[in-house]
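Hi,

Here is the structure I promised to pass along. Have a look at it first, and then read on for what turned up.

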Number of protein chains: 2
Amino acid sequence: MKVLSFILDRYKNRSYDSFMHTCARLLLGPHTSSTNLLRTIHKESTISVTIKDIAKLANVSHTTVSRCLNDSPMISDKTKEKVLKIAEELQYEVNSNARSLSTKKTGIIGVIYQQGLEDFGSSAYINALFLELRHALETLQLDTILVEAINPDTLASNTVRLIKQQKVDGFLLVHQQITEEDNRMLQEYDIPAIQIHFKPEYLDITTMDYYLTDNDHGGYLATKHLLERGAHKILTIACSPNIGEEYGYRTEGYRRALTEYDISIDDSLIFEIECEYIAAYDFIHEHIELIKTCDGIFAQADILAAAFIAALKEHGINVPQDMKIVGYDDSFYSILVPPFITTIHQPREEIITKACNRILDLTRSDSVDKSIKEQELIKPYLIIRESS
Amino acid sequence: MKVLSFILDRYKNRSYDSFMHTCARLLLGPHTSSTNLLRTIHKESTISVTIKDIAKLANVSHTTVSRCLNDSPMISDKTKEKVLKIAEELQYEVNSNARSLSTKKTGIIGVIYQQGLEDFGSSAYINALFLELRHALETLQLDTILVEAINPDTLASNTVRLIKQQKVDGFLLVHQQITEEDNRMLQEYDIPAIQIHFKPEYLDITTMDYYLTDNDHGGYLATKHLLERGAHKILTIACSPNIGEEYGYRTEGYRRALTEYDISIDDSLIFEIECEYIAAYDFIHEHIELIKTCDGIFAQADILAAAFIAALKEHGINVPQDMKIVGYDDSFYSILVPPFITTIHQPREEIITKACNRILDLTRSDSVDKSIKEQELIKPYLIIRESS
DNA sequence: GTGAAAGCGCTAACAG
DNA sequence: CTGTTAGCGCTTTCAC
């Protein structure tokens with residue numbers, strides 16, 4: 001009956017249920033191994049080690065163990081060392097639910113994205129953004145719950161749900177659909193949230209933390225580069241749909257560069273087409289007469305630039321000799337086929353680093369003044385390749 | 001002092017700390033609104049409604065409320081209705097940490113992916129897989145924690161960590177790097193895990209639940225289609241690196257189809273190249289003499305097929321007239337430029353649906369016999385477009 | 001049917 | 001510096 005006393009000892013303060021399970025098991029046969037018995041007792045078969053287990057072995061109270069694990073300054077180095085060693089040996093990991101219940105912190109960040117992302121022209125960019133985001137949070141020891149803004153079944157806001165269920169400490173919002181209600185909840189529960197990449201559609205962004213890209217600057221850089229390379233008559237083609245007006249800003253930058261170079265703006269050189277290869281391809285054929293009078297194209301997405309180059313070739317117009325082209329996004333389209341495309345690299349690395357560090361500060365440290373918002377428009381940069 | 005009695009009442013059984021905060025606040029001024037006071041009391045400013053709040057309003061015990069919310073059969077319809085109505089009015093959401101601590105269930109699935117996914121040739125496919133996976137889990141009311149298999153800093157297994165921290169109920173493994181140790185932990189803690197898409201490298205897959213794609217069948221379908229379209233001498237080009245031998249199986253299927261059509265297999269028609277547009281493009285030019293003697297190509301990735309078509313055109317070889325081509329993956333490459341590419345659609349929708357339903361069963365219901373593994377090789381299908 | 005009380009594993013308050 | 005005790009919000013047992 002050594003096993004029984006072991007069980008009784010370990011489960012002294014545990015539930016009736018546990019005990020009954022044990023008894024049942026013992027009746028089934030005394031030859032079951034103690035590990036198996038332990039597993040049977042807890043319904044979920046968990047045999048996790050707790051701070052009490054450590055406490056017993058270290059001959060201290062569980063409070064002391066808790067303090068050691070949290071590196072409290074009020075514990076002597078000696079005890080700390082002893083306790084941590086045992087914890088290490090038992091491969092202890094904290095039960096995050098218990099800790100969260102007590103501290104109201106989960107160590108989890110909610111990353112909210114746009115539904116229907118699959119259909120995006122820019123999804124390659126966004127996907128890269130997610131993976132790098134995940135990676136950055138990982139190095140900061142934060143887990144992420146990734147969800148769509150709105151539950152497609154219930155149509156309820158996932159942001160609100162996650163707040164109320166207390167599953168996350170903060171949010172990174174990679175969509176522009178944040179609603180008034182979401183925002184109210186964030187305020188009310190004082191949950192930090194940072195807007196990334198997308199500008200909210202329904203909300204005054206000046207009230208939030210954000211890291212966005214400076215699309216105006218991107219358009220400016222692209223156009224200025226074309227001008228520097230000797231182009232005089234420059235077309236620009238934006239994409240529709242225009243999420244968060246990003247293309248609008250790029251066109252603004254285009255205008256700004258032209259003005260700077262004393263070139264009057266001709267609105268008939270500004271187009272907007274579907275963000276698809278075929279659409280771009282057709283565009284060239286349809287507007288070939290106009291295009292023949294131009295010497296530069298600022299394509300506001302790489303996929304357009306790639307199609308333009310291919311289509312122009314069929315008309316005997318060579319890039320970059322006869323026509324300089326700059327794309328946007330620095331996506332794989334820009335390095336798919338030679339000539340590789342000169343393009344604008346969106347500063348997603350910088351956005352991610354800043355946003356992750358900020359959310360860490362906001363969720364972990366009390367000394368941050370949350371009322372002072374961090375708001376940055378981060379500048380993209382030019383990558384010169386062969387198309388210009 | 002109405003406010004004070006309200007506070008005292010609500011915080012009767014709460015911490016000293018809470019109370020001190022309240023008192024401090026009251027000293028600051030009696031004009032602070034009670035909502036603000038409540039917010040101040042809890043350090044984290046949370047003013048969540050709990051089952052006790054509901055209980056008080058409904059004049060029942062919090063136990064009863066709990067039972068109602070969990071739709072227990074031992075509660076009368078009348079009480080249930082009353083309680084649920086109040087819960088609805090208060091916009092109650094369960095505190096998931098408290099529930100999890102008590103039930104050992106979190107409602108969260110860990111989705112584990114491969115590090116360095118960014119570099120994958122097939123990443124577009126995998127990205128689509130993730131988004132659809134997330135969507136499917138969402139409709140099943142499951143949240144997902146998305147992490148890399150291994151923490152890049154500590155090099156510790158995230159699978160093990162999530163198990164021990166009790167953050168997840170189960171895993172969907174979208175990588176092939178599961179280790180012996182991971183597996184041992186899964187067994188020991190009896191956590192369900194399903195292998196998706198990728199075949200594990202270090203582990204005997206026959207011991208796990210899995211839903212993979214039948215690459216052999218894909219290769220077979222592609223080749224058979226080419227044969228049916230009249231091709232006799234068919235090249236196949238696989239990609240390196242060969243993750244989980246997927247290309248090996250596709251080539252097997254290619255062989256099987258040829259054999260079925262009594263065509264002897266010529267190993268010099270089987271190639272392996274980098275999964276890149278340029279590599280494929282160059283391949284055509286380098287092997288143009290051989291290619292001229294062939295009438296069909298089974299390109300084991302759409303991106304290869306796209307490059308082949310472009311390169312062949314430069315040699316005056318038109319697709320599909322002079323050469324039939326079938327790609328693989330049904331990715332956006334296959335519909336980028338005409339002629340659109342006949343391709344093999346990977347059954348990711350079916351994989352996702354099955355895997356998500358299975359993980360739900362495995363984590364929610366006790367009646368499932370976990371020792372019987374669900375193991376399916378799901379068949380991809382052919383999408384006929386213009387290249388064949 | 002319902003409620004009182006205990007317990008999940010942890011942190012925090014307070015007393016030594 | 002350390003231990004005792006209470007409490008986080010929920011589920012579960014057991015008594016009525």
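Let me start with a pair inside one helix: E246(A) and R250(A) form a salt bridge, with 3.4 Å between the closest N and O atoms. Before going further, please keep in mind that this is a predicted model. Both residues sit in helix α12 (residues 246–260) of chain A, four residues apart, about one turn of the helix. That spacing suits a pairing, because an α-helix has 3.6 residues a turn and residues three or four places apart point the same way. Neither end is out in the open: E246(A) counts as buried because its relative accessibility is 10%, and R250(A) counts as buried at 1%.

Another salt bridge turns up in each chain. In chain A, the side chains of K80(A) and D71(A) meet at 3.1 Å, N to O. Here K80(A) is buried, at 13% relative accessibility, whereas D71(A) is exposed, at 53%. In chain B, K80(B) and D71(B) also meet in a salt bridge of 3.1 Å, N to O. Relative accessibility is 12% for K80(B), so this lysine counts as buried, while D71(B) counts as exposed at 54%. Salt bridges with shared partners also link D143(A), R161(B) and K167(B) into one network. Over all chains, the search of the whole structure gives 35 salt bridges.

Now for the interface. How many residues of chain A are in contact with chain B? There are 63, and they touch 63 residues of chain B. The two chains bury about 5,900 Å² between them, and 53% of that is on carbon and sulfur atoms. On the chain A side, N97(A), L131(A) and E138(A) lose the most area to chain B, together 11% of what that side buries.

As for polar pairs, four salt bridges are counted between chain A and chain B. D143(B) and R161(A) form a salt bridge, their closest N and O atoms being 2.8 Å apart. The rule also finds 22 residue pairs in polar contact across this interface, both residues being at pLDDT 80 or more. Elements giving two or more residues to the chain A side include α7 (96–103), α8 (123–139) and α15 (302–314) of chain A. By type, the residues of that side divide into 24 nonpolar, 21 polar and 18 charged.

K167(B) deserves a click of its own. You will find K167(B) in the loop between α9 and β3 of chain B. Is this lysine buried or exposed? At 8% relative accessibility, K167(B) counts as buried. The side chains of K167(B) and D143(A) are joined by a polar contact of 3.0 Å. Beyond its sequence neighbours within four places, K167(B) is in contact with residues of both chains, among them S96(A), T106(A), I145(B) and L162(B). K105(B) is 62 residues away from K167(B) in sequence, but their C-alpha atoms are 8.5 Å apart in space.

Last, helix α10 (residues 180–188) of chain B. Its buried residues are D182(B), N183(B), M185(B) and L186(B). Seen down the axis of α10(B), these residues fall within an arc of 160°, so they line one face of the helix. Their cover includes α9 (158–164), β3 (170–174) and β4 (193–196) of chain B. Just after α10(B), D190(B) takes a positive phi of about 55°.

Cheers

Key. Residues are numbered from 1 along each chain as its sequence is written. Chains are lettered from A and ligands numbered from 1 in the order in which they are written. This is a predicted model: local features need pLDDT of at least 70, side-chain atom pairs count only at pLDDT 80 or more; totals for chains, interfaces and linings use all residues. Side-chain values use heavy atoms; hydrogens and water are left out. Buried means under 20% relative accessible area, exposed over 50%, partly exposed in between (1.4 Å probe, protein chains only). The arc is that of the directions from the helix axis to the C-beta atoms. Contact means heavy atoms within 4.5 Å. Buried area is the accessible area (1.4 Å probe) that two parts lose on being put together, summed over both. A polar contact is a pair of N or O atoms within 3.5 Å; within protein, one must be able to donate a hydrogen and the other to accept it, and residues adjacent in sequence count only if both atoms are side-chain atoms. Ala, Val, Leu, Ile, Met, Phe, Trp, Tyr, Cys and Pro count as nonpolar, Asp, Glu, Lys and Arg as charged, and the others, Gly among them, as polar.
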